[in-house]
Amino acid sequence: MKVLFLGDIMGRAGRAALQSKLRNIQEKNQIDFTIINGENSAGGFGITEKICKDIYSYGCDVITTGNHLWDQKEISDYIDKDNNLLKPYNFPEGTPGLGFNIYQTKKNENIMVINLIGNVFMKSDDNPFIKVEEIFRKHRLGSELNFIFVDFHAEATSEKMAMGHHLDGRVTAVVGTHQHIPTADAHILPNGTAYQTDSGMCGDYNSIIGMNKEPILDRFQGIKSKSRFSPAMDEATICGVIIESENDTGLAKKIEPIKIGGILGV
């Protein structure tokens, strides 16, 4: 199976790039299933029902999220109606929405997508290392599941790397989000799990992690800015990874980073 995962959609520029380029990326690479992190897709802060439906129409199968999920108030009512929109599984008990789910590809293969969030340098949630074990008490790779993908939305590279090794050999891939900068460490861990610390974002890289530079530069200099934080609007680079799995085990055969369009595109 070949799965495409794309990092955080950053505002309108990221959405526009996906609308114009996603179908071509899927066809060129013979993608079986597409997952995109959408937590910054609504003006950099959260996601809405309309944007979810737009992203699905571009060719996305599942949307993962992170700490900005609840920035748009309407999503609290909508998320329980959409089984393809995931929250981090280790959000506190009682939080609406699903933290993982099993989906079928067009080839009738089963893929589980798990969304987790880190605790280091972020608001503290349930321990992701302990919480994820609940899932593996009932589900295993290679039996009823052909592929297991984990989006670990976290700030600290050490926490992301620790999760990769914690799940090595039990999932097909662990890929980090949240930092918006694509890291150069895509590889397959010793027991067969594909890993990259951060997938990067789908946004304008002539920016500071997707936001217009001026108010952020003001803040770093101790200046009270007159401008609000808002996403940069020039051409976005689509960043992410393509992961190919072994048919018999479901473990990773290959992980290939992609950077398309914008100033990082190759």
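User: Two strands are taken to pair if DSSP finds at least two bridges between them. In this predicted model, over how many bridges do strand 12 and strand 13 pair?

Analyst: Strand 12 covers residues 238-245, and strand 13 runs over 252-260. One of the contacts between them joins Ser245 to its bridge partner Ala252 in strand 13. The two strands pair in the antiparallel sense, and the number of bridges between them is eight.

User: Which strands are the edge strands of the open sheet that has the order 4-3-1-12-13?

Analyst: Five strands form this open sheet, and their pairing is mixed. An edge strand here pairs on one side only, which holds for the strand at 62-64 and for the one at 252-260. Neighbouring strands of the sheet are turned against each other by 20 degrees on average, direction ignored. The edge strands are therefore strand 4 and strand 13.

User: What angle does the direction of helix 1 make with that of strand 1?

Analyst: Helix 1, residues 11-29, packs on the five-stranded sheet. There helix 1 touches strand 1 (2-6), strand 3 (33-37), strand 12 and strand 13. Its direction and that of strand 1 make an angle of about 160 degrees.

User: Is helix 1 roughly parallel or roughly antiparallel to helix 2?

Analyst: The two helices pack with their axes 8 Å apart and at an angle of about 30 degrees. Angles under 35 degrees count as roughly parallel, whereas those over 145 count as roughly antiparallel. The angle of about 30 degrees falls under the first cut-off, which makes helix 1, relative to helix 2, roughly parallel.

User: How many charged residues does the contact of helix 1 with helix 2 have?

Analyst: From helix 1 the contact takes in Arg15, Leu18, Gln19, Leu22, Arg23 and Gln26, which meet Ile51, Ser57 and Tyr58 in helix 2. By class, four of these residues are nonpolar and three are polar. Arg counts as charged, and the number of charged residues in the contact is two.

User: Within what arc do the buried residues of helix 2 fall, seen down its axis?

Analyst: Helix 2 spans residues 49-58, and its buried residues are Ile51, Cys52, Ile55 and Tyr58. What covers them includes strand 2 (8-9), helix 1, strand 3, strand 4 and helix 3 (75-78). These buried residues line one face of the helix, because the arc within which they fall is 120 degrees.

User: Is Ala42 buried or exposed?

Analyst: Ala42 has its place in the loop between strand 3 and helix 2. Not counting residues up to four places away in sequence, Ala42 touches Arg15, Ile47, Thr48, Ile51 and Gln72. The C-alpha atoms of Ala42 and Gln72 are separated by 8.0 Å, although these residues lie 30 residues apart along the chain. At 12% relative accessibility, where the cut-off is under 20%, Ala42 counts as buried.

User: In the six-stranded open sheet, which residue of strand 8 is the bridge partner of Phe149?

Analyst: This sheet has the order 5-6-7-8-10-9 with mixed pairing. Strand 7 (residues 147-153) and strand 8 (residues 173-177) pair in the parallel sense over five bridges. In strand 8, the bridge partner of Phe149 is Ala173.

User: At what angle to strand 8 does helix 5 run?

Analyst: Helix 4 (residues 128-136) lies across strand 5, strand 6 and strand 7, running at about 160 degrees to strand 6. Helix 5 (residues 157-167) also packs on the sheet, where helix 5 touches strand 6, strand 7, strand 8 and strand 10. With the direction of strand 8, that of helix 5 makes an angle of about 165 degrees.

Conventions:
Residues numbered from 1 in each chain as written. Predicted model: local features only at pLDDT ≥ 70, side-chain atom pairs only at ≥ 80, totals over all residues. Heavy atoms only, no water. Helix = DSSP H or I, 4+ residues; strand = E, 2+ residues; numbered from the N terminus. Axes fitted to C-alpha atoms, helices over the stretch in contact; angles between N-to-C directions. Contact = heavy atoms within 4.5 Å. Buried < 20%, exposed > 50% of the residue type's maximum accessible area, 1.4 Å probe, protein only. Arc of directions from axis to C-beta. Parallel < 35°, antiparallel > 145°, perpendicular 65-115°, else oblique.
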